Amino acid sequence: MPDDMIMSPDSRSLRRGNRRAPRTETCRPCLLWPKEIPGLINQGVIININPYGMCIRMLESLAPGTAVVVQLMRDEAFRVPLSSPVEGTIVRNKDVPDGFMDHGIEILQRAFEKKEPRVRYADQRARTSQRSPVRMHTIDFRISDRGIRRTEK
């Protein structure tokens, strides 16, 4: 994959790329707007994506450092959302032929809250360790009058 290894500037050695995870090529329509101005909605297409970032191609240009919200869309008409919006920051822009602008966006990683482990008290353990009395089932009544073993040969 082209993201894995990069030639050094002096062309004498290979070095590992800067990506934390390889990007997946895609062509997914999306809506993008600055976090401070929710009314300024831009249409774009996600070119590639990974859990940490994405590249979005748009006609408009947004400055690096802008906090944005990205909404992936299910259809090309930009009507049906695919998932909940994600927050990110524009880290770079790149001009592309045909008048488009590629935006490199770093996705904001939210920390998950850890649930506290359930505390089991000694009396709860004692209750679970006590066995309930053995119960008889209907099959026990059916077999008991005939016996379990057969003695005939």
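## Cysteines

Cys 55 has a relative accessibility of 12% in this predicted model, and it counts as buried because that value falls under the 20% cut-off. Cys 30 is buried as well, with a relative accessible area of 0%. A search for disulfides over the whole structure returns zero. In general terms, a disulfide is a covalent bond between the sulfur atoms of two cysteines.

Cys 30 has Gly 44 of strand 4 standing opposite.

## Overall make-up

The protein chain contains eight strands and two helices. In sequence order the pattern is β-β-β-β-β-β-β-β-α-α, with the strands preceding the helices.

Of the 153 residues in the protein chain, 25% count as buried. The accessible surface of the chain is about 12700 Å², and carbon and sulfur atoms account for 54% of that surface. When contacts between residues at least 6 apart in sequence are considered, 46% of them join residues at least 24 apart.

## Strands 3, 4 and 5

Strand 4 pairs with strand 3 and is also joined to strand 5. The pairing of strand 3 with strand 4 is antiparallel and runs over seven bridges. Strand 3 covers residues 24-34 and strand 4 covers residues 42-50.

Strands 4 and 5 also run antiparallel, and six bridges join them. The connection from strand 4 to strand 5 is a hairpin through two residues. Asn 50 stands opposite Gly 53, which belongs to strand 5. As a general rule, side chains in a regular strand alternate between the two faces of the sheet.

## Salt bridges

How many salt bridges does the structure hold? There are two.

One of them pairs Glu 87 with Lys 35, and the closest N and O atoms are 2.9 Å apart. Glu 87 sits in strand 7, while Lys 35 is in the loop between strand 3 and strand 4, so this salt bridge ties together parts that are 52 residues apart in sequence. Glu 87 counts as partly exposed at 23% relative accessibility. Lys 35 is partly exposed too, with a relative accessible area of 43%.

Another salt bridge links Asp 102 to Arg 57, with 2.7 Å between the closest N and O atoms. Asp 102 belongs to strand 8 (residues 100-107) and Arg 57 to strand 5 (residues 53-58), so the pair ties together parts that are 45 residues apart in sequence. Are the two partners buried or exposed in part? Asp 102 counts as buried, since its relative accessibility is 11%, whereas Arg 57 is partly exposed at a relative accessible area of 29%.

## Ser 83 and its surroundings

Where does Ser 83 lie? Ser 83 is in the loop between strand 6 (67-72) and strand 7 (86-96). With a relative accessible area of 37%, Ser 83 is partly exposed, because this value lies between the 20% and 50% cut-offs.

Leaving aside residues up to four places away in sequence, Ser 83 touches Gln 71 and Leu 72. Ser 83 and Met 73 are ten residues apart in sequence, and their C-alpha atoms are 7.6 Å apart in space.

Conventions:
Residues numbered from 1 in each chain as written. Predicted model: local features only at pLDDT ≥ 70, side-chain atom pairs only at ≥ 80, totals over all residues. Heavy atoms only, no water. Helix = DSSP H or I, 4+ residues; strand = E, 2+ residues; numbered from the N terminus. Buried < 20%, exposed > 50% of the residue type's maximum accessible area, 1.4 Å probe, protein only. Contact = heavy atoms within 4.5 Å. Disulfide = S-S within 2.5 Å. Salt bridge = Lys/Arg side-chain N within 4 Å of Asp/Glu carboxyl O. Areas by Shrake-Rupley, 256 points an atom, 1.4 Å probe, with all protein chains shown as cover. Pairing = 2+ DSSP bridges.
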